[in-house]
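Subject: Structure handover

Hello,

Here is the structure I promised to pass on. Please open it first, then read my notes beneath it.

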Amino acid sequence: MAPIDDTPKNAPDSEPTTEPAAGPAGPVAPPSSAPPTGATAAPTAPAPAPPAAGAATPARMPRWLPKAMALALALYACFQLGSWAFHQLTGLLLNILIAFFLALAVEPAVGRMAARGMRRGLATFLVFVAVAIVSVGFVVLLGSMLAGQIVDMVEDLPEYLDSLINWINHTFNTELSRVAVQDSLLRSDWLRSYVENSASGVLDVSATVLGGLFKLLTIFLFSFYFAADGPRLRRALCSVLPPAKQAEVLRAWEIAVDKTGGYLYSRGLMALASGAAHFVLLEFLGVPYAPALAVWVGLVSQFLPTIGTYLAGALPMLIAFTVAPWYALWVLAFVVVYQQFENYLLQPKLTAKTVDIHPAVAFGSVVAGTALLGAVGALIAIPAVATLQAFLGAYVKRYAVTEDPRVHGHRRHGEMVLARIQRALRTGRDQAPPPGSGA
């Protein structure tokens, strides 16, 4: 007999219910998703899906990277600003460098006058007045010489032109005349353009002259303060250094003063000797403006080492050529001979205790100074190298040189013959067969 089903046919299917687990504190109510009475249900965000197995986690920017980038940009901006400021102040820094070396040059004279009781500012002023008088006198004398020579050349230009035209007609069988040549020159386009450019360049020349005067005034002003306030400047510099470094700075300063002052002193004596020798020659030949030419040769030849002698001799040669062509050759020969006398006899005696620098080192320093700072570098290169050489020489340990002929660049003939015999015997011994080999 079949079992009887007592479930109503119209009753819905009921979901299975889970009985709450009873804990120590009693039954725990099941979580309900129904909102409380009187509250509005808040929308719930869908839960993030868990990363799939093997998927890479996105990398995050390190916290130090923005700070590092900002620091790099700040350093680059500071570098650009410093480079721009340095290029803008190059002229001023160069003037200060020249003023510093000029102050070092006059320091011995100012120091001697101050040691005798004179105020340092007054002593510096008197020294600079003397330097200014000598400089202005030289410029005026040289300018008058050049102006007079130019006037004489302009007055003698028709005669020179006639002689040149006669030589051309006689050599090339032409029929030129001075009037035709003058007319062609006056009507030429290049002369008209040259005159127009010269007229428009007057303002540029004036601005250049004014700029040069301002630069010269700046140099003298800074050099006056450096020389007059030398002790105060050294005290201020040493106040920020430890005692050991202070002694080194003062020692370097003293070496720089000695070498720079000694350089100018020795060069002044050699300029005096060179000017006197060339004055005697020019007076003997009857070359005009002999005193001014002698001063020119003396100064230029000594303060532009090695090549200054030949550059200075070009002007006397040119003026001597206007007197007689053979006089220019006499001047050239005298310049060459005197250069050798100065290099091998006069200069070693005068510079032995001041700036004892090898001629090759002096020439290289002048070339390097010219490449770096132009004419200013050529002037201050030798005292700067002498100062550096003297300062480093105190820290380089030297030893006695062995008495070996090779040190002097030669070997005695007997030693050379003996060395060849020993080398031949050694070679024969190496090539001989060993005993018992049956050879």
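Does Phe222 count as buried, partly exposed or exposed? It has 28% relative accessibility, so Phe222 counts as partly exposed. I come back to its neighbours below.

First, a caution. This is a predicted model. Mean pLDDT for the protein is 76, with 73% of residues at 70 or more. Residues 7–34 stay under 50 in pLDDT. For that stretch the model has 4 contacts beyond four places in sequence. Where pLDDT is low, the predicted coordinates should not be read in detail.

Overall picture

The protein has 439 residues, of which 22% count as buried. It contains 15 helices and 2 strands. Take the contacts with a separation of 6 or more: 63% of them join residues 24 or more positions apart.

Aromatic rings

Searching the whole structure gives 10 aromatic pairs. One of them is Phe100 with Phe226. Their ring centres are 6.1 Å apart and their planes stand at 80 degrees. That angle is over 60 degrees, so the pair is edge-to-face. It also links distant parts of the chain. Phe100 sits in helix α2 (residues 90–115), Phe226 in helix α7 (residues 202–228), and 126 residues separate them. Phe100 is partly exposed, because its relative accessibility is 28%.

Phe226 pairs with Phe222 as well. Here the centres lie 6.3 Å apart and the planes are at 40 degrees, so this pair is tilted. Both residues belong to helix α7. They are 4 residues apart, about one turn of the helix. A single aromatic cluster takes in Phe100, Phe101, Phe222, Phe226 and Trp253.

Nonpolar cores

The largest nonpolar core has 11 residues. Its members are Leu281, Leu282, Leu285, Val287, Ala290, Leu293, Leu315, Ile319, Ala320, Val331 and Val335. Four elements give two or more residues each: α9 (243–285), α10 (290–303), α11 (308–323) and α12 (325–350). Another core, of 10 residues, lies apart from it. Val110, Ala123, Val127 and Ala227 are among its residues. In soluble globular proteins, nonpolar side chains tend to be buried together.

Helices α9 and α10

How do the axes of α9 and α10 cross? They come within 7 Å and cross at roughly 145 degrees. The crossing of α9 past α10 is right-handed. On the α9 side, the residues in contact include Tyr263, Arg267, Met270, His278 and Leu282. They meet a set in α10 that includes Ala290, Leu293, Val297 and Phe303. Leu282, Ala290 and Leu293 are also members of the largest core.

Around α4

Asp162 is in helix α4 (residues 157–172). Its relative accessibility is 28%, so Asp162 counts as partly exposed. Its C-alpha atom is 8.2 Å from that of Ser177, which is 15 residues away along the chain.

Asn173 deserves a look too. Its place is in the loop between α4 and α5 (178–186). Asn173 is not a glycine, yet its phi is positive, at about 55 degrees. The residue is exposed, because its relative accessible area is 69%, over the 50% cut-off.

That is the handover.

Best wishes

Technical notes:
Residues numbered from 1 in each chain as written. Heavy atoms only, no water. Core = buried A, V, L, I, M, F, W, Y, C linked by side-chain atoms within 4.5 Å. Buried < 20%, exposed > 50% of the residue type's maximum accessible area, 1.4 Å probe, protein only. pLDDT = per-residue confidence, 0-100. Contact = heavy atoms within 4.5 Å. Phe/Tyr/Trp six-rings, centres within 6.5 Å; stacked < 30°, edge-to-face > 60°. Axes fitted to C-alpha atoms, helices over the stretch in contact; angles between N-to-C directions. Left-handed = near helix turned anticlockwise from the far one by under 90°.
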